[in-house]
Amino acid sequence: VTAAWFALALVSGVIELPFSGAPLEPSRLELVSRIPGVARAETGAGALRIELAQGAELRLSTLRKALGTRETAIDRRRLPLGPHTIFEMDAGQCFFCAERPLGKRLSRRPVVRRWTVVDYAARGRLRFRIEPRTADATLGALGRLPVEDILFTTRYEGVERVELYWPSGGIRWRESEKAARREASDSAKPLLIFPTAGT
Amino acid sequence: VVNLVNRNFVPVHLDNLDGSARRYGMEPGHENAYIILETPEVPGGPKVDTVILGRLSQVLDPDAARAEILAFLERHPELGRSAPPAGSALEQATFLLEEGEAERALDLLQGLPGSTELGLLRAQAFRLLKRFAEADSELDGLASSPEVDLERIRLLFQKDEGPRAADPLDDFLGLWAERPEAAEAYFLRGWLHHLSGRDDEAIRVWQRGIERHPPTEALFSQKAHLTLIRANWELPANVDQAK
């Protein structure tokens with residue numbers, strides 16, 4: 001599934017969001033097309049087709065606000081789980097502490113093949129992607145999740161998981177403990193060891 | 001602290017998810033120490049000396065960490081501490097100031113002919129020594145430039161007059177936003193917003209700084225990135241984030 005699924009990535013920056021209910025009013029479609037980051041929006045065959053600007057992110061909450069009607073709504077149950085579907089939750093604490101319970105919940109869902117954290121965002125938000133077992137999996141198959149919002153973005157294409165250790169504070173960390181210990185012995189320099197548990 | 005580490009230590013990150021830090025008394029998954037200083041293992045050499053800093057603290061205070069690192073290096077003169085490079089007095093003083101050795105830097109700068117570079121180095125040394133009036137006096141005679149303007153701003157923060165830096169920071173970012181020094185100005189401006197309870201504004205300023213000066217290139221953008229991420233977490237009270 002992996003290759004086929006990742007091939008769903010938004011090369012053209014277009015996402016298709018199924019909606020249910022009455023056809024979308026032109027004025028609402030106009031509002032959607034004015035959301036920052038939306039290059040174009042159109043409807044057809046029960047889906048809202050949105051072209052995103054390069055690197056832009058569209059929040060489901062923003063979209064729902066723009067639609068603003070009870071008659072037409074994004075059908076979350078039929079929403080495809082693509083590589084561009086990014087879930088955001090408020091970790092509210094150390095990310096490592098937040099990831100474990102989240103991982104437990106996700107591992108119990110048969111639809112989940114694997115999941116990875118792709119980014120950390122402002123105010124302790126954790127962003128993760130879920131790779132399903134089948135390429136046609138939808139959000140509905142996932143059931144309820146402790147997420148605040150869902151983002152659609154091409155920003156994380158090619159990003160498998162967040163790089164945890166780039167904030168080095170300017171310190172030139174060595175590649176491995178083995179290499180560092182050897183260098184320390186050879187150069188008669190002391191080691192500075194920074195142990196963490198993944199945060 | 002970073003300069004002291006890079007010049008005198010072999011730094012390595014140890015991922016304690018797998019219990020590889022158990023030999024330091026840390027259970028897998030726990031992060032109950034932040035920095036470990038350790039002499040190298042040499043066959044037939046002296047017993048390894050290990051010092052654990054910041055056990056159970058959230059963030060190391062930079063001044064305390066610096067003092068501990070220096071004490072460790074002094075206790076092990078056999079390891080040989082890095083020395084200022086042969087060069088002009090200004091270059092040597094710059095090297096010393098980068099490690100926080102302000103007294104020694106001032107000694108080197110005595111009696112040199114006046115210049116902007118000299119005045120700036122002396123102002124930095126006085127600031128590090130908390131001799132603020134002398135730092136002010138050095139800066140008074142210097143023309144505006146990104147380096148001089150930022151030093152004036154740093155001095156305000158060091159004197160606990162950070163709120164007075166709001167206008168100078170806005171002026172700085174109006175004039176020098178593309179300069180590498182601006183990453184620090186963005187961080188400090190955001191920090192002032194945060195202190196005033198305007199977190200949305202703080203995050204906006206930090207994000208703008210990060211866009212202009214990517215974290216991979218600017219240390220202050222790294223700091224801004226991490227600070228905006230944890231903006232809803234309890235920030236440790238033991239560390240002045242503006243330092």
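1. Start with the positive patch on the surface: Arg64(A), Arg76(A), Arg100(A), Lys104(A), Arg105(A), Arg108(A) and Arg144(A) gather there. For a patch, residues need over 30% relative accessible area and no salt bridge, and like charges are joined within 9 Å. Lys and Arg count as positive, with the charge placed at NZ of Lys or CZ of Arg. Helix 4 (residues 95-107) of chain A gives the largest share, three residues. Arg64(A) sits in helix 3 (residues 60-67) of chain A and is partly exposed at 47% relative accessible area.

2. Before going on, keep in mind that this is a predicted model, where local features need pLDDT of at least 70, side-chain atom pairs count only at pLDDT 80 or more, and totals for chains, interfaces and linings use all residues. Residues are numbered from 1 along each chain as its sequence is written, chains are lettered from A in the order in which they are written, and side-chain values use heavy atoms, with hydrogens and water left out.

3. Now the salt bridges (a side-chain nitrogen of Lys or Arg within 4 Å of a carboxyl oxygen of Asp or Glu): the structure holds 40 over all chains. One of them pairs Glu177(A) with Arg23(B), with the closest N and O atoms 2.0 Å apart. Glu177(A) is in helix 5 (residues 177-187) of chain A and Arg23(B) in the loop between strand 1 (10-15) and strand 2 (35-38) of chain B, so this pair joins two chains.

4. Arg181(A) and Glu38(B) also meet in a salt bridge, at 2.9 Å from N to O. This pair crosses between chains too, from helix 5 of chain A to strand 2 of chain B. Both Arg181(A) and Glu38(B) are buried (under 20% relative accessible area; exposed is over 50%, partly exposed in between, using a 1.4 Å probe and protein chains only).

5. Within chain B, have a look at Arg81(B) and Glu101(B), whose side chains form a salt bridge at 3.4 Å, N to O. The two are 20 residues apart and link distant parts of the chain. Arg81(B) is partly exposed at 34%, while Glu101(B) is buried at 15%.

6. As for chain B overall, there are eleven helices and three strands (DSSP runs: H or I of at least four residues for helices, E of at least two for strands). Of its 243 residues, 48% count as buried.

7. Last, Leu173(B), in helix 8 (residues 166-176) of chain B, is buried at 14% relative accessibility. Leaving aside residues up to four places away in sequence, Leu173(B) touches Ala182(B), Ala185(B), Tyr186(B) and Arg189(B) (contact means heavy atoms within 4.5 Å).

Notes: Patches are made of residues with over 30% relative accessible area and no salt bridge: like charges are joined within 9 Å, nonpolar side chains (Val, Leu, Ile, Met, Phe, Trp, Tyr) within 5 Å. Accessible areas come from the Shrake-Rupley method with a 1.4 Å probe; for residues, only the protein chains shown count as cover.
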